[in-house]
Amino acid sequence: MELFGKIADLCQALVVLLLVFQVSALFRSVDRLRKKGEQLENRVDDIRHGNRSR
């Protein structure tokens, strides 16, 4: 039974590690989308002000 407890602890640690990686990937994606949004806002502002050089 002690072996099953160790296996369960190992699986739990693995799940926590995977969740940490998923959350960090989510934050990277959000950051990337925020940067894209800022770029689009800048392009819209340029177009509104007649500067279409981009």
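This is a quick talk through the salt bridges and one surface patch in the structure above.

Okay, so keep in mind that this is a predicted model. Let's begin with the charged pairs. Opposite charges on side chains can pair up when the charged atoms come close. Here the count is 4 salt bridges.

Start with Lys-6 and Glu-2. Their side chains form a salt bridge, 3.8 Å from N to O. Both residues sit in helix α1, 4 residues apart, so about one turn of the helix. And both of them are exposed.

Now go along to Asp-31. Which residues does Asp-31 pair with? One is Arg-34, in a salt bridge at 2.4 Å, N to O. Those two are 3 residues apart in helix α1, again about one turn. The other is Lys-35, where the closest N and O atoms are 3.8 Å apart. Asp-31 and Lys-35 are 4 residues apart in helix α1, which puts about one helical turn between them. Through shared partners, salt bridges tie Asp-31, Arg-34, Lys-35 and Glu-38 into one network.

Buried or exposed, you may ask, for Asp-31? In between: Asp-31 is partly exposed, at 29% relative accessible area. Arg-34 is partly exposed too, at 45%, and Lys-35 gets that label at 46%.

Last stop, the nonpolar side. Met-1, Leu-3, Phe-4 and Ile-7 make a nonpolar surface patch of about 530 Å². Met-1 lies in the segment before α1, the helix that covers 2-48. Met-1 counts as exposed because its relative accessible area is 83%, and the cut-off is over 50%.

Definitions and conventions
Residues are numbered from 1 along each chain as its sequence is written. This is a predicted model: local features need pLDDT of at least 70, side-chain atom pairs count only at pLDDT 80 or more; totals for chains, interfaces and linings use all residues. Side-chain values use heavy atoms; hydrogens and water are left out. Patches are made of residues with over 30% relative accessible area and no salt bridge: like charges are joined within 9 Å, nonpolar side chains (Val, Leu, Ile, Met, Phe, Trp, Tyr) within 5 Å. Accessible areas come from the Shrake-Rupley method with a 1.4 Å probe; for residues, only the protein chains shown count as cover. Buried means under 20% relative accessible area, exposed over 50%, partly exposed in between (1.4 Å probe, protein chains only).
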